[in-house]
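Welcome! Here are three short exercises to help you find your way around a new structure. Take a look first, then work through each solution at your own pace.

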Amino acid sequence: MSKFLRSALVVAAVGTAISALAADLSGAGATFPYPIYSKWADAYKKDTGTGLNYQSIGSGGGIKQIVARTVTFGASDAPLTVDKLDKDGLVQWPQVMGGIVMVINLDGVKPGDVTVDGPTVAKIFMGEIKTWDDPALAKLNPGVKLPSAPIAVVHRSDGSGTTFNFTDYLSKVSADWKSKVGSSTAVEWPTGLAAKGNEGVANTVGNTTGSIGYVEYAYAKQNKMTYTKMVNHDGKVVGPTMDAFQAAAANADWAHAPGYYQILTDQPGAGSWPITAATFILLPKQPQDPAAAAEALKFFDWAFKNGAKAAEELDYIPMPDNVVGMIRKTWASDIKSADGKPVYEAK
């Protein structure tokens with residue numbers, strides 16, 4: 001075989017490999033939904049042959065990448081306002097919901113042994129409650145032997161939708177937190193160790209005795225972490241369960257939420273988990289690559305149709321059928337190619 005022919009075959013093989021890779025969906029953003037997106041992606045590839053290249057880099061990074069159009073879709077746990085969506089030419093919808101939990105690392109303490117409430121968590125993360133045997137924690141936990149050890153606070157280092165929902169909750173339950181720290185994807189933390197992603201917080205808490213942090217429940221579950229119970233909006237002590245997440249999510253009025261902007265923290269209800277959140281997908285209204293956008297929508301539609309069981313196994317809450325119907329209409333009316341035709345219409 002001539003050198004020229006060999007080179008031509010190598011170029012052709014590389015070209016084929018690149019086209020195969022190009023067929024994979026590209027997305028980036030929130031670490032909160034990464035466990036379920038990975039699970040869906042594995043099943044979807046088996047079903048269709050199409051893979052998903054999802055960078056779990058935090059909501060802030062996902063928003064930046066979709067605004068720059070360097071990925072097909074972005075993912076964020078912090079919903080964008082209608083003004084921001086319009087400014088950047090984006091469409092947003094909720095894909096799945098879940099719970100954010102407090103995780104701790106204390107010797108001899110099992111999951112659910114310790115209870116915290118919002119005002120106490122705010123004081124811990126402000127550096128005002130410094131030891132585990134503080135009277136505020138002792139009062140919430142009669143009968144639990146709490147050590148006099150210092151509390152090591154762990155928070156996110158990156159722009160994070162998990163942080164947005166966590167700090168939104170603290171701003172609702174603590175006037176001090178609201179005025180001194182506030183709510184955002186990134187805040188000026190008064191104290192603590194910084195870690196990147198839900199993965200980083202889970203690892204840091206797991207490796208630091210006396211620590212407390214906040215993560216999406218799937219990370220706590222997968223890493224067999226010690227989570228706390230919490231006192232909710234109605235003053236009831238609840239554990240992080242699917243029923244508690246669903247109770248909080250049940251109050252969401254998606255039909256009257258412009259751009260699907262909805263925050264589910266501190267919801268009323270005796271059984272509601274206090275830090276529940278939706279995670280959102282962001283796609284351009286007029287994608288540069290309509291075919292790639294259509295493939296992404298096909299994947300998310302497949303997840304709505306086939307992914308509920310997998311979501312529930314990881315204690316995420318699937319979107320209700322009536323909301324999925326609304327989302328499909330949004331895709332058809334708002335995401336269009338240059339000729340004005342919808343890039344994807346759900347069958």
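To sort residues by class, count Ala, Val, Leu, Ile, Met, Phe, Trp, Tyr, Cys and Pro as nonpolar, Asp, Glu, Lys and Arg as charged, and the others, Gly among them, as polar. Keep in mind that this is a predicted model.

**Exercise 1.** Describe the lining of the second largest pocket by class.

Solution. Start with the space: the second largest pocket holds about 180 Å³. Next, find its walls: 16 residues line this pocket, and L85, P258, G259, Y260 and D334 lie nearest its centre. Helix 4 (82-88), strand 4 (90-105) and helix 14 (321-334) each give at least two residues to the lining. Finally, sort by class: the lining has 10 nonpolar, 3 polar and 3 charged residues.

**Exercise 2.** Work out how helix 2 is oriented relative to helix 12.

Solution. Take the axes of helix 2 (residues 34-48) and helix 12 (residues 290-306): they come within 11 Å and cross at roughly 105°. Angles of 65 to 115 degrees count as roughly perpendicular, so helix 2 is roughly perpendicular to helix 12. Now look at who touches: helix 2 brings Y37, W40, A41, A43, Y44 and D47, while helix 12 brings E295, K298, F299, W302 and A303. By class, these contact residues are 8 nonpolar, no polar and 3 charged.

**Exercise 3.** Explain why strand 5 and strand 11 each have one side without a neighbour in the sheet.

Solution. Begin with the order: the open sheet of 3 strands runs 5-10-11, with mixed pairing. Strand 5 (115-116) and strand 11 (237-238) are at the edges with a single partner strand each, so one side of each has no neighbour in the sheet. Then check one pairing: strand 5 and strand 10 (residues 229-231) are parallel, over 2 bridges. V116 has M230 of strand 10 as its bridge partner.

Key. Residues numbered from 1 in each chain as written. Predicted model: local features only at pLDDT ≥ 70, side-chain atom pairs only at ≥ 80, totals over all residues. Heavy atoms only, no water. 1 Å grid on protein atoms, 1.4 Å probe; cavity = no way out; pocket = protein on both sides within 12 Å on 5 of 7 lines; lining within 4 Å. Points joined across faces, edges and corners; volume = space filled by probe spheres on them. Helix = DSSP H or I, 4+ residues; strand = E, 2+ residues; numbered from the N terminus. Axes fitted to C-alpha atoms, helices over the stretch in contact; angles between N-to-C directions. Parallel < 35°, antiparallel > 145°, perpendicular 65-115°, else oblique. Contact = heavy atoms within 4.5 Å. Pairing = 2+ DSSP bridges.
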